[in-house]
Amino acid sequence: MSSEGVKDDCLAWAARDPSGVLSPYKFSRRALGKDDVSLKITHCGVCYADVIWSKNKHGDSRYPLVPGHEIAGIVKEVGSSVSNFKVGDHVGVGTYVNSCRECEHCNDKEEVSCEKGSVFTFNGIDADGSITKGGYSSYIVVHERYCFRIPDGYPLASAAPLLCAGITVYNPMMRHKMNQPGKSLGVIGLGGLGHMAVKFGKAFGLKVTVLSTSVSKKEEALSVLGADNFVITSDQAQMKALYKSLDFIIDTASGDHPFDPYLSLLKTAGVFVLVGFPSEVKFSPASLNIGMKTVAGSITGGTRVIQEMLDFCAANKIYPGIEVIPIQYINEALERMVKNDVKYRFVIDIENSLK
C-alpha cells in the first residue's frame, strides 16, 4: 500500500533461524508501484520448499524468513498503469514475483526459465535489493505480470496449491503431450504433486497407473482419485506385468529410488519426467537407449501456462485434496508434511486466522 509502506503493517509468521520454527512477525511491504497489484491474502498452500528454506537446508536462507509461494487472495489496490486487474478480483501468486522481462524466455512467457533468474516469492533478492517475503502474511505487493486470475466461482483455498503443486505436473504434461486420450500414464508417488498428476491424467482421458511403495494408498488412489490401476513397486510380479506398457511416467518422488525398474515400464519412445528432487539420478544407458526413451526434468511454469492451468481446472472442476488449517497450526503442519501425513496439501486460512 503506497500510503502505509513505511509502517510495519504486514502481519506474518516467520522463521528466525535454522530451527525452522515459525512465530508471529510484522514487517513492511514495498510501496505500491504503478504496475503493482496489492493483494489481500486469504489462503496460502504449504509446500516442502517452505521446510527447506525455513530450516536453511540449502545454506542460503535469509532470516527473518516468511515462507509461502502458493498464494490466493483478493485485490485491494492497483497501481495507475495496471490494466489486467481491478479491486475485488480473485488473484493468485506462485513461486516467483519478478524476472528480467527481456530475455527470450521471458518474451515467450516462460519466465520461470529467465536467463537472469526469476525472483523467488520468498527468500529471493528483488530488483531493488530487498529480500522477498512470502504468503504466510496478510498481504503482498506484486507486479501484475506475476499475478493470475482465479476464475469466478473457483474456491480460493483450492486455487492456492495449483500455483506450485498443480503447475509442477501440468506444465510437463502439456509440454510432452500427455493430454492425448487413450494413452497410458504412470505416476510415481501419491503426495501433493502425484495426486494432481492423477487428476490431470484422468481429465486428459489417460489410463492412469499409480506406482507406490504404500499399499495403504491403494483404496484412495482407485476410489477417490479415480486411478485405473495401482501397483506396489516392491512386488516384482506386479512390476513385470507392466513391462513396456506405459507411454508416459511422471516421477514426483523426492526420496532416493532406483530408476531402471521404472524406465523398463515405458513403451518404445516413452517419456519419463522427473519433478521430484532425489539426491541423485542414476540409470543404465541401456535403459534409455534401447527403446529410444526420453528422460526430462521440469519445475513450475511460465505465466502463460499457469493461467491456462487455472482456467483448465475451473472448466473441468479439478480441485486439489486439501486440509485447511489456521496459521497457529503451521509448525505442526510442517512436521506432518515431512512425514507425508497429509491428504494432500495443507492450506493456511490466512484471512480468518492471521490476526
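In the protein chain, 65% of the contacts between residues at least 6 apart in sequence join residues at least 24 apart. The model is a predicted one. Its secondary structure comes to 12 helices and 17 strands. The C-alpha trace spans about 65 × 40 × 40 Å along its principal axes. For 355 residues, a compact globule would have a radius of gyration near 20 Å, and the 20 Å of the protein chain agrees with this. Of the 355 residues, 55% are buried.

In soluble globular proteins, nonpolar side chains tend to be buried together. The largest nonpolar core in this model has 92 residues. Within this core, the residues with the most contacts are Tyr136, Met178, Leu185, Phe200, Met309 and Ile330. Helix H10 (residues 303-315) gives the most to the core, with six residues. A second core, separate from this one, has 14 residues, among them Val231, Ile249, Leu265 and Leu266. Returning to the largest core, Met309 touches Leu162, Gly166, Ile167, Tyr170 and Phe200 when residues up to four places away in sequence are not counted.

Three of the partners of Met309, namely Gly166, Ile167 and Tyr170, are among the buried residues of helix H4. Helix H4 (residues 165-175) is mostly covered, with nine of its 11 residues buried. The buried residues are Ala165, Gly166, Ile167, Thr168, Val169, Tyr170, Asn171, Pro172 and Met173. Their cover includes three strands named here as S10 (184-188), S13 (246-251) and S14 (266-274). Helix H5 (192-203), helix H10 and strand S17 (345-349) are also included in that cover. Just after H4, Lys177 takes a positive phi of about 55 degrees.

Two further buried positions were examined. Ile325 has its place in strand S16 (residues 322-325). With a relative accessibility of 4%, Ile325 falls under the 20% cut-off and therefore counts as buried. Apart from residues up to four places away in sequence, Ile325 touches Ile330, Ala333, Phe346, Val347, Ile348 and Asp349. One of these partners, Ile330, is listed among the residues with the most contacts inside the largest nonpolar core. Ile325 and Lys202 are 123 residues apart in sequence, and their C-alpha atoms are 28 Å apart in space.

Thr233 lies in a loop, between strand S12 (229-232) and helix H7 (236-241). Thr233 also counts as buried, because its relative accessibility is 14%, where the cut-off for buried is under 20%. Leaving aside neighbours within four places in sequence, the contacts of Thr233 are with Leu211, Ser212, Thr213, Met239 and Tyr262.

Empty space was also considered. Rolling a probe the size of a water molecule over the atoms shows where such space is left. The second largest pocket holds about 240 Å³ of space. This pocket is lined by 15 residues, of which Arg29, Arg30, Ser130, Ile131 and Thr132 are the closest to its centre. Strand S8 (residues 139-143) gives the most to the lining, with three residues. By class, the lining of the second largest pocket is made up of six nonpolar, five charged and four polar residues.

Key:
Residues numbered from 1 in each chain as written. Predicted model: local features only at pLDDT ≥ 70, side-chain atom pairs only at ≥ 80, totals over all residues. Heavy atoms only, no water. 1 Å grid on protein atoms, 1.4 Å probe; cavity = no way out; pocket = protein on both sides within 12 Å on 5 of 7 lines; lining within 4 Å. Points joined across faces, edges and corners; volume = space filled by probe spheres on them. Helix = DSSP H or I, 4+ residues; strand = E, 2+ residues; numbered from the N terminus. Nonpolar A, V, L, I, M, F, W, Y, C, P; charged D, E, K, R; others polar. Core = buried A, V, L, I, M, F, W, Y, C linked by side-chain atoms within 4.5 Å. Buried < 20%, exposed > 50% of the residue type's maximum accessible area, 1.4 Å probe, protein only. Contact = heavy atoms within 4.5 Å. Rg over C-alpha atoms; globule rule 2.2 N^0.38 Å.
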